[in-house]
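User: Please take a close look at a single part of this model and describe its surroundings carefully. Start from one residue and work outward to the rest of the chain.

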Amino acid sequence: MAEVIVQEKQNGKSSRRREFIRVDMTPMVDLGFLLITFFMMTASFTKPNVMDLGLPAKDPTHKIDPTVIKDKNQITFIIGKNNRVFYHQSNANELNTTNLKETDFDGTQISKIISEAYNNAPEQKIFTVIVKPTDESNYKNFVDMLDNIALSQKEPYGVSDIKPWEKKIYQELTK
């Protein structure tokens, strides 16, 4: 509450009144805490954006026979160092430096490659995209690859370790 205090001088001089104003801040502090409490209770916190990884099915009876997904029913992307990505549709016996092709992380290019592989797959129902990051790859390229797969709308996809026979051909190309 505001108060006005009046003092008079008594030295025989003219009595001039000087007003001192004192403002009580208690109601202002109360109002501040009420506003803080109100906004804390009514505000909604932002939820972090999380990328959905294709995890295995929770139903243990739902199993895919690994022999069903053959070489032509899948496409494998190998994420390498220096923002390089390679892809193939070969098995251990057929893969060589000419079969392992390189592309970039352009979304339209990867979507086109996935669509071509999907159209050439003998059984399109079980077509799978496999991503294999190497030890030299970075996290940004991995996320970019998963984003490009999501844009291509070809499910399912999986993440796996690079096989030794793939690593041998990859190292020959990146020397």
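Analyst: Leaving aside neighbours within four places in sequence, N141 is in contact with I79, G80, N83 and F105. The model is a predicted one, and what follows should be read with that in mind. N141 belongs to helix α3, which covers residues 139-152, and this asparagine counts as buried because its relative accessibility is 2%, where the limit for buried is under 20%. Its side chain is joined to that of N83 by a polar contact of 2.9 Å.

The partner in that polar contact deserves attention of its own. N83 lies in the loop between β3 and β4, and with a relative accessible area of 46% it is partly exposed, whereas N141 counts as buried. The backbone of N83 has a positive phi of about 60°, although the residue is not a glycine. Its sequence neighbour N82 is found in the loop between β3 and β4 as well, and N82 likewise takes a positive phi, near 55°, in a residue other than glycine. At 64% relative accessibility N82 counts as exposed, so the loop holds an exposed asparagine, N82, beside a partly exposed one, N83.

Turning back to the helix, the 14 residues of α3 should span 20 Å at 1.5 Å a residue, and the end C-alpha atoms are 20 Å apart, so the span agrees with the expectation. The buried residues of α3 are N141, F142, V143, M145, L146, N148, I149 and S152, a set that holds polar side chains such as N141 and N148 together with nonpolar ones such as V143 and L146. Just after the helix, Q153 takes a positive phi of about 55°.

Two of the buried residues of α3 lead into the interior of the chain. In the largest nonpolar core, which has 19 residues, M145 and I149 are among those that touch the most other members, together with I75, F77 and V129. The elements that give two or more residues to this core are β3 (74-79), β4 (85-88), α2 (107-120), β6 (128-133) and α3. A second core, separate from this one, has 7 residues, and I78, F86, L100 and I169 are included in it. For I149 itself, the contacts beyond four places in sequence are I114, V129, V131, K154 and Y157; the numbering places I114 in α2, and V129 and V131 in β6.

The connection between α2 and β6 can be followed through Q124, which is found in the loop between them. Q124 is partly exposed, as its relative accessibility is 34%, and, not counting residues up to four places away in sequence, it touches Y118 and N119. The C-alpha atoms of Q124 and Q74 are separated by 9.3 Å, although the two residues are 50 residues apart along the chain.

Y118, one of the residues touched by Q124, also takes part in an aromatic pair. The chain has 4 such pairs in the count. One of them joins F38 and F39, whose ring centres are 5.2 Å apart and whose planes stand at 70°, so that the pair is edge-to-face. F38 counts as partly exposed at 46% relative accessibility, while F39, with a relative accessible area of 53%, is exposed. Another joins Y118 and F127, with the centres 5.5 Å apart and the planes at 80°, and this pair is therefore edge-to-face as well. Here the two partners fall into separate classes, for Y118 is partly exposed at 23% relative accessibility, whereas F127 is buried, with a relative accessible area of 1%.

To place these details in the whole, the protein chain has 4 helices and 7 strands, and from the N terminus on its elements run β-β-α-β-β-β-α-β-α-β-α. Of its 175 residues, 27% count as buried. The chain exposes about 13,300 Å², of which carbon and sulfur atoms supply 54%. Among contacts with a separation of 6 or more, 61% join residues that are 24 or more positions apart. The polar contact between N141 and N83 ties the two side chains at 2.9 Å, and it links helix α3 with the loop between β3 and β4.

Conventions:
Residues are numbered from 1 along each chain as its sequence is written. Side-chain values use heavy atoms; hydrogens and water are left out. Buried means under 20% relative accessible area, exposed over 50%, partly exposed in between (1.4 Å probe, protein chains only). A polar contact is a pair of N or O atoms within 3.5 Å; within protein, one must be able to donate a hydrogen and the other to accept it, and residues adjacent in sequence count only if both atoms are side-chain atoms. Contact means heavy atoms within 4.5 Å. Rings of Phe, Tyr and Trp (its six-membered ring) pair if their centres lie within 6.5 Å; planes under 30 degrees apart count as stacked, over 60 as edge-to-face and the rest as tilted. Accessible areas come from the Shrake-Rupley method with a 1.4 Å probe; for residues, only the protein chains shown count as cover. A nonpolar core is a set of buried Ala, Val, Leu, Ile, Met, Phe, Trp, Tyr and Cys residues joined through side-chain atoms within 4.5 Å. The expected span of a helix is 1.5 Å times one less than its number of residues.
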